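User: Can you walk me through this one? I'd like to start with contacts.
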Amino acid sequence: MDVTVCLSGGAARGAFHLGVLQALDDLHITVKALSGSSIGGVIALSYAAGVIPKKQLELFQSTAFRQSIHFNFFKEGIFKIDASHPIYNNLLPVRSFEALHVPAYVTAVDLNKGVLHTFHSGDTHIAALATTALTPFFKPLPHHGMLLVDGGFLDNFPLYPLQDYGLPIIGSNAMPITPKQPRGIQKIAKRALFMLSQSAVINKTEQCDYYLTAPQLARYRLFRRDALAELFELGYDCTRKTLSDPAQ
């Protein structure tokens, strides 16, 4: 069975995507193209470069990965990613989109024009830095006259690059909308902003042939790195329950 895969943003919850991809590998389902935003974009690039999901999980869990992110003294961003750290060559060993094993599409937002920009050629490391530039935590990335930030601001579920492939689309969403009763001005405002950011996702989920998510994801804080293994297993189990083994 051949498919295409769309991976949402979701920070540390991206480990859910790794479980999804591992399950697809174990089910002998071939991924012919990937699209992703934010952490979903990084995972898509790494998988397209041939880094297996379990290896990606190890890299994200590593002390080296944590040490590659530094406090930036509020210079256009609270934190700074050291893109020269060797961990990024392990995570993204293929520097060119054109040399990836399968096509990948990664989104970012150009603040100058207020439009979505999709990377499908050029430097994969630049694309990874742009799609994860979650301002104000990380500073925007200047690139070819653009000022790029996290793709999730405009489209946290970039399905459109996959629609021309004519293959089943698997969508993995690490940011599900779950019922809540927010109380207090801060929680209500936070809920409203979340709903606004997810408004572009709601209709797209119905366009997936297989839509993978889990309400339990809402329990995990976006930057909780100690739960990556749990999130991986959640994504793996969700995929195995949703998809049958085409080899059987």
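Analyst: Sure. Contact here means heavy atoms within 4.5 Å. Keep in mind that this is a predicted model.

User: OK, take Gln56. Which residues is it in contact with, leaving aside neighbours within four places in sequence?
Analyst: Gln56 is in contact with Leu18, Ile43, Ser46, Tyr47, Val51 and Leu91, once neighbours within four places in sequence are left aside.

User: Where is Gln56 found, and is it buried or exposed?
Analyst: Gln56 is found in helix H3, residues 53–61. Its relative accessible area is 0%, so Gln56 is buried.

User: Now helices. How do the axes of H1 and H2 cross?
Analyst: They come within 10 Å and cross at roughly 30°. Angles under 35 degrees count as roughly parallel, so H1 is roughly parallel to H2. The crossing is right-handed.

User: Which residues meet there?
Analyst: From H1, His17, Leu18, Leu21 and Asp25. From H2, Gly40, Ile43 and Tyr47.

User: Staying in H1, what does Phe16 touch, not counting residues up to four places away in sequence?
Analyst: Phe16 is in helix H1, residues 15–26. Its contacts include Ser172, Asn173, Leu212, Phe232 and Cys238. Phe16 counts as buried, because its relative accessibility is 0%.

User: How far apart are Phe16 and Cys238 in sequence and in space?
Analyst: They are 222 residues apart in sequence. In space, the C-alpha to C-alpha distance is 9.2 Å. Cys238 is buried too, with a relative accessible area of 14%.

User: Cysteines, then. How many disulfides does a search of the whole structure find?
Analyst: The search finds 0 disulfides.

User: Why is there no bond between Cys208 and Cys6?
Analyst: The closest cysteine sulfur to that of Cys208 is in Cys6, 6.4 Å away, so the two are too far apart for a bond. A disulfide needs sulfur atoms within 2.5 Å. Cys208 counts as buried, at 11% relative accessibility.

User: Switching to the core. How many residues has the largest nonpolar core?
Analyst: The largest nonpolar core has 55 residues. Val5, Leu24, Leu34, Leu45 and Phe60 have the most contacts inside it. Helix H2, residues 39–48, gives the largest share of this core, 7 residues. Another core, of 8 residues, lies apart from it, with Ala33, Phe157, Leu159 and Val201 among them.

User: And which residues is Val5 in contact with, same neighbours left aside?
Analyst: Val5 is in contact with Leu21, Leu24, Val31, Ala33, Leu34, Ser35, Leu162 and Ile170.

Note on methods
Residues are numbered from 1 along each chain as its sequence is written. This is a predicted model: local features need pLDDT of at least 70, side-chain atom pairs count only at pLDDT 80 or more; totals for chains, interfaces and linings use all residues. Side-chain values use heavy atoms; hydrogens and water are left out. Helices (H or I, at least four residues) and strands (E, at least two) are DSSP runs, numbered from the N terminus. Buried means under 20% relative accessible area, exposed over 50%, partly exposed in between (1.4 Å probe, protein chains only). A nonpolar core is a set of buried Ala, Val, Leu, Ile, Met, Phe, Trp, Tyr and Cys residues joined through side-chain atoms within 4.5 Å. Axes are lines fitted to C-alpha atoms, for helices over the stretch in contact, and angles run from 0 to 180 degrees between N-to-C directions. Angles under 35 degrees count as roughly parallel, over 145 as roughly antiparallel, 65 to 115 as roughly perpendicular and the rest as oblique. A crossing is left-handed if the near helix is turned anticlockwise from the far one by less than a right angle, and right-handed if clockwise.
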